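Got your viewer open and a cup of coffee handy? Load the model below and let's click our way through it, one selection at a time.

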Number of protein chains: 2
Amino acid sequence: MNIFVHGAATTVFGELWDTSPRTLAKRVTRAALDDAGMESSGVEALFVGNMLSGILGNQEHLGAFFADELGLSVAAFKVEGACASGGLAMHNAVAALASGMYTTVVVLGVEKMTDHKPEDVAAALMGAGTDEERVAGATFPGLYAMIAREHMRLHGTTRAQLSAVAVKNHYHASLNPNAQFRKPITAKDVDRSPCIADPLKLLDCSPISDGAAAVVLSTDKPKKGKESVAIVASAVATDTLALSDREDLVGLRATQQAARRAFTQANISPDDVHVAEVHDCFSIAEIVALEDLGLYAKGEAAAAVERGDVTLGKAQHLVVNPSGGLKGCGHPVGATGVKQIVELAEQLRGTAGERQVSGAQIGLAHNVGGSGATAVIHILKRVTSSK
Amino acid sequence: MNIFVHGAATTVFGELWDTSPRTLAKRVTRAALDDAGMESSGVEALFVGNMLSGILGNQEHLGAFFADELGLSVAAFKVEGACASGGLAMHNAVAALASGMYTTVVVLGVEKMTDHKPEDVAAALMGAGTDEERVAGATFPGLYAMIAREHMRLHGTTRAQLSAVAVKNHYHASLNPNAQFRKPITAKDVDRSPCIADPLKLLDCSPISDGAAAVVLSTDKPKKGKESVAIVASAVATDTLALSDREDLVGLRATQQAARRAFTQANISPDDVHVAEVHDCFSIAEIVALEDLGLYAKGEAAAAVERGDVTLGKAQHLVVNPSGGLKGCGHPVGATGVKQIVELAEQLRGTAGERQVSGAQIGLAHNVGGSGATAVIHILKRVTSSK
């Protein structure tokens, strides 16, 4: 694959009550095109990642909708896969570029969640799960709480280790001007926060967010001398929709399968990754992800996070979720998978400011739908064009 | 592109109150795999076309959902673009195959509409349009009625010519065992049917339907000596979401643009097409489509349909909507774009039974979203493998 990230941008994530989805989309796409130094006339296709616009807003047809808003009459698609919608839109864009059908495309992730009642949003999000889970009254915090309980039982993972994930990601978010939560927290803050689904506390959970992110991808080589970023792997796998249908609760098979494919495509090993944006929808999810991705052996990630091994400024060779992750940066579901790519692009170009991972050459993005029914992995590499 | 249709199947379309979406999907995918002579283990990715499952059923994440139902842990995606969802899923599948990322994939279009109150379905379908259209009380029959009125004013199209589209497509559907309406109708029946949005009568409108269709696509060559079908073009274009934002009401710019791209890709001219499945959501839409596709000059399609020039058994070189089209075969919106490919595959293989277009070598599928904001065109060609 010779596919390059020419431009990348994200809006601030948060409760953006005064901004419509179309305004978020316009701003972020314009910013990504500016970053790429190009006009919209150079765009040949638009891939939109979004989950909830139909259920919450009765608005579908978002490919044409946003193409229209952006003044583009190009091929346009909405790709949906719950909280992995952004990652899946990326994968389809990468395939479309690799096919030679298009040379330059935009991937836009966008979600507007905070204008709705939280219980409506929670119900809409369960659209990612099964009828059986809904009938049983399950919510995603409840499902991930079961994963956490089992991980504690099998691997001795502690409540303090879960808190360490949240503390780290809030610290990283405090350095990110686009993060929803820029306030560092302590383990005591997590402990004192309300219990949502035992053992998960409020501060173990990613928030409900508004936001958008966009990248300009192209098979054209980056301009001479410009630091750029190449996509060297894009892999997707699925698992059963219901947690109750799985043999293993403490690992996501979809992540494991997608990781194997992605590392093979990129011809690297997990040890080669310097910076990872992983899907920490709940604190336990980051621990499970680090193990499923092969960045740590099963049962070893929680202690590593607690020791600070993947924290900015302390890490020796890998920083996890420098953006603040879903937990600290926010989780507008359709935008998250694209925002991960934006963060990696900034890290690999060396333009991530206060949260720069020093010397980062290879980055990995891991985006999950539902309780692990979909997993998408992208691997990005810093390249310097000598063209 | 070296992409072949190895298997194709459709369920019966209609009011399938006793059959769930998952059962429809399983049956039709199994039938398409059987047609291809392969096991599900050979499938590497699943592309699902669906529009309304989120709004009407609160079920999203359909890629993983149906992969799970089918026992596949492969890459899976939902692609949505209103009534063009099936066509857009096809396009993304074609790109993914052309990229070399996958060798064999399934495209599944599925929609369940008749379990809901008609007014809820009508409101959900307006999710394909704009806020402004919804606020104005517009519905799709209303929007297409405006197109019809303007076509009558500019090109002298008559009420009798609109009826001729419906009569032809019901006649074709009467020959299709999977069609929703197998009863031929007369022009008098159309005249006597209730007025929905003047000048459109009930029998000018495609119905609300349940149904599913699936194709197995592969870059592997078909088996020796087997008649097979190749996809030689796949093109998508978009236009403004709102009809009121367009300069021209009597042509869909998205169709015109996608057609130009598709004919260039296939290196053929409109005159080379023997069989076309076009998006006749309303009778006027077939007339507009035939002109936008370049199959007839603007203002000349209506008379051609009335003369019987595109009717099975009378046509000299082109038959339009031998399946019965959306009007006669039914229109489960996410399934329609895939069903068009199934129909063309049967026609080009020569297995279409009573509705066989004699000597068909080249077929065109035309799928539209909304009032023309999205258009997708595929061109298919009969090939005989000598491998």
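This tour goes through a predicted model, beginning with strands in chain A and then moving to the contact with chain B.

**Stop 1: strands in chain A.** Select residues 374-384 of chain A, which make up strand S12(A). Now add residues 227-238 of chain A, strand S8(A): the two run antiparallel and are joined by 11 bridges. To see one of those pairings up close, show Ser234(A) and its bridge partner in S12(A), His378(A).

Next, colour residues 362-369 of chain A, which form strand S11(A). S11(A) also pairs with S12(A) in the antiparallel sense, this time over 8 bridges. Label Gly363(A) and you'll find Leu380(A) of S12(A) standing opposite. Then follow the chain round the hairpin of S11(A) and S12(A), with its 4 residues between the strands. Stop at Gly370(A), which takes a positive phi near 65 degrees.

**Stop 2: where the chains meet.** Show both chains and select the residues in contact: 60 from chain A and 59 from chain B. How much area is buried between chain B and chain A? About 4100 Å², with carbon and sulfur atoms giving 50% of that.

Zoom in on strand S3 of each chain, residues 75-80. S3(A) and S3(B) run antiparallel and are joined by 3 bridges. Pick Glu80(A) here, and its bridge partner in S3(B) turns out to be Lys78(B).

Now turn on side chains. The interface holds 2 salt bridges by the rule used. For one of them, select Asp131(A) and Arg22(B), where the closest N and O atoms are 3.6 Å apart. There are also 26 residue pairs in polar contact across the interface of chain B and chain A.

Which element gives the most to the side of chain B that touches chain A? Select helix H4(B), residues 85-98; this helix supplies 7 residues. Colour that whole side of chain B by residue type and you get 29 nonpolar, 19 polar and 11 charged residues.

**Stop 3: a covered helix.** Helix H3(B) is also among the elements giving two or more residues to that side. Select residues 62-69 of chain B and switch on a surface: this helix is mostly covered, with 7 of its 8 residues buried. Among the buried ones are Leu62(B), Phe65(B), Phe66(B) and Glu69(B). Step just past the end of H3(B) to finish at Gly71(B), which takes a positive phi of about 75 degrees.

Technical notes. Residues are numbered from 1 along each chain as its sequence is written. Chains are lettered from A and ligands numbered from 1 in the order in which they are written. This is a predicted model: local features need pLDDT of at least 70, side-chain atom pairs count only at pLDDT 80 or more; totals for chains, interfaces and linings use all residues. Side-chain values use heavy atoms; hydrogens and water are left out. Buried means under 20% relative accessible area, exposed over 50%, partly exposed in between (1.4 Å probe, protein chains only). Two strands pair if DSSP finds at least two bridges between them. Contact means heavy atoms within 4.5 Å. Buried area is the accessible area (1.4 Å probe) that two parts lose on being put together, summed over both. A salt bridge is a side-chain nitrogen of Lys or Arg within 4 Å of a carboxyl oxygen of Asp or Glu. A polar contact is a pair of N or O atoms within 3.5 Å; within protein, one must be able to donate a hydrogen and the other to accept it, and residues adjacent in sequence count only if both atoms are side-chain atoms. Ala, Val, Leu, Ile, Met, Phe, Trp, Tyr, Cys and Pro count as nonpolar, Asp, Glu, Lys and Arg as charged, and the others, Gly among them, as polar.
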